[in-house]
Amino acid sequence: MTVDLMGRRPLPTAAPTFLTTLAGGGPVFGRPAPPRPDGDDRPAALLTFLDTELDPDTVDREAELPQSLVARLKDLGAFRLAAPEDLGGLGLSPYEVFRVVEAAASRSTAVGVMLGVHNGIGVGTSLLPALPHGPLRDLIRRRTTEGMISGFADTEPTGGGNRQPRTTATPTPDGSAYVLNGDKLFISNLAVADLLGVTVTVREPDGTRVGLAVVDTRSPGFETRAALEYLGARGLPNGSLRLNGVVVPRDHLLTVPDGDPRHTPRLASAVLSARLLIQAAPALALARNCLRWSREFVARRRVDGIGLGEYDLVQRTLAACVADVHAMDTVVRWSLGAQDPHDRWFERMAARNFCTDACARIVDRTVSLLGAEGLETARSKRRRGAPPAPVERAYRDARMLRTVGGVDDMLDVELARTLLAHVADGPGYPGDPEALALTGTFFPRTAGHARALNEELSRFSAHCGAAEPIAKGTRGQHRLRLLGRISRELFGMAAVLARAEEDGHHRLAHLHCTAARLRLRDAWARLDAPDEADHASIARALLFRDRHMDELLGL
């Protein structure tokens, strides 16, 4: 079935949204909505249930979520957060969904990621709004009403994001259905899913094209091969799949008139929002947990009769964590605060790595800070009567979030490529002199950082123009990664400065922008430095087992 998955154009046609939003004035940050008139208390009941019935230590140790817990989450509407109210859903906004997923992840990263996958990239969220009336739309609506769980199967043993999936869909002789064959890997929610979106290469008599099949997990030939465990988020129902002659009706396989449905604006936009739910929400939850653990530890710890909080380095550590948590929250509010969920594409694209990087910094500081009490697991601390803050688990979870759903380095490259494409096709990023001049008036109370932001934006615009010719190659990935990192630091500065003008927290804005400018200084230095080291030949010597290199390294 050919469907319209175009939706809104994912790239802005004017200046970057984080500048034009500021120029328009007024509040720009998403905030929790007022209480609903019907008094729906399911989100609160969901969190109360997790507080009373979930044992995150047991889930982490046994690497499994109890079936009874998943069933109860269904009953509480955890898999219908954004679904329309006429389908039994809560009808929450994207920002409200984020806050519920974040709160769930603060209890268990595995639960948070599971909810993020379904509510972010599940077939009900990503496909239903675009489907025409017909059997597939009716199926998804009915299963949504029943509280179905869904996910997305794209990655294969050869890797993720390949242009042509090796999983195939071949028409039946009468043309009424397709037969699916192939393997998929790293499928979150696989063990509990009712419907999956599966990418395939469709083999038609006139050639091949990429399609997206909606598959019932109860279908004959649908084989769950193995449960897989990530480095973090232990307990997440993840696995590998084999499709061995699975038959799906013809109208359960979606294609687009031209190209790949994965790259259409609607699905690309859904992926951006899903990254916020799957990675950024658990990252912010971990960061807030670490801040609580650090505060409790410092409050009870004394050295030579002096409270730990009186020491300069401890104060700096805590303050840095506070500023990072505030910046993460600010970036998320801005990214999901638009009236149309397809707006603010750049912000949503940058927010994932912004949050997972900040989370990694916070967790690392927390491990160091609590190291004075021992680098132990929560189980070990509990055995000897120490407060069992699970920082070891947080460390694993934070590292996993930087990789699952896309390696962080490659997402920075993707961000830079998208910006450079906008430079080539549009008015430039962010090269509008009038918009740049306005930045000096946005932040009268933090004028120094505003001027620095203005200068950094101008410098970045110049580099975008110079970098455009290398955007399509593979040898320029290092420069693209740095440009991606720089762009999200600039976005973070703009967001934090704007929020300071709204809520008056100028101390936090000053602290964040000072640290961000130091990170920018390092990134610019790397970007501008002549790259004289011969990385390529050294890497080839290692890969092709050069005898002299192996002897040197003792391999």
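## Exercises: rings, odd phi angles and confidence

A search through this whole predicted structure turns up four aromatic pairs. Let's work through some of them, then look at the backbone and the confidence scores.

**Exercise 1. Classify the ring pair W345 and F346, and decide whether each residue is buried or exposed.**

Solution.
- Step 1: Get the geometry. A ring pair is described by the distance between centres and the angle between planes. For W345 and F346 these come out at 6.0 Å and 75°.
- Step 2: Apply the cut-off. Planes over 60 degrees apart count as edge-to-face, and W345 with F346 is indeed edge-to-face.
- Step 3: Check accessibility, where buried means under 20%. W345 has 7% relative accessibility, so it counts as buried. F346 has a relative accessible area of 2%, so it is buried too.

**Exercise 2. Find which parts of the chain the pair F346 and F491 links, and name the cluster around it.**

Solution.
- Step 1: F346 and F491 are 5.8 Å apart, centre to centre, with 65° between the planes, making the pair edge-to-face.
- Step 2: Place the residues. F346 belongs to helix α11 (residues 345–370) and F491 to helix α17 (residues 477–503). They are 145 residues apart, and the pair links distant parts of the chain.
- Step 3: Both F346 and F491 are buried.
- Step 4: Widen the view: W334, W345, F346 and F491 are joined into a cluster by ring pairs.

**Exercise 3. Work out what is unusual about phi at F186 and N189, and where each residue sits.**

Solution.
- Step 1: Recall the baseline. Most residues other than glycine have a negative phi.
- Step 2: Look at F186. Its phi is near 55°, a positive value, and F186 is not a glycine. F186 lies in strand β3 (residues 177–188), and at 43% relative accessibility it counts as partly exposed.
- Step 3: Look at N189. Here phi is about 75°, again positive in a non-glycine residue. N189 is in the loop between β3 and β4 (195–204), and its 0% relative accessibility means that it counts as buried.

**Exercise 4. Decide which stretches call for caution, using pLDDT.**

Solution.
- Step 1: Start with the whole chain. The average pLDDT is 84, and 86% of the residues score at least 70.
- Step 2: Pick out the weak spots. Residues 8–39 have pLDDT below 50, with 69 contacts in the model beyond near neighbours in sequence. Residues 427–440 are also below 50, with 32 such contacts.
- Step 3: Draw the conclusion. Where pLDDT is low, predicted coordinates shouldn't be read in detail.

Terms used
Residues are numbered from 1 along each chain as its sequence is written. This is a predicted model: local features need pLDDT of at least 70, side-chain atom pairs count only at pLDDT 80 or more; totals for chains, interfaces and linings use all residues. Side-chain values use heavy atoms; hydrogens and water are left out. Rings of Phe, Tyr and Trp (its six-membered ring) pair if their centres lie within 6.5 Å; planes under 30 degrees apart count as stacked, over 60 as edge-to-face and the rest as tilted. Buried means under 20% relative accessible area, exposed over 50%, partly exposed in between (1.4 Å probe, protein chains only). Helices (H or I, at least four residues) and strands (E, at least two) are DSSP runs, numbered from the N terminus. pLDDT is the predictor's confidence in each residue, from 0 to 100. Contact means heavy atoms within 4.5 Å.
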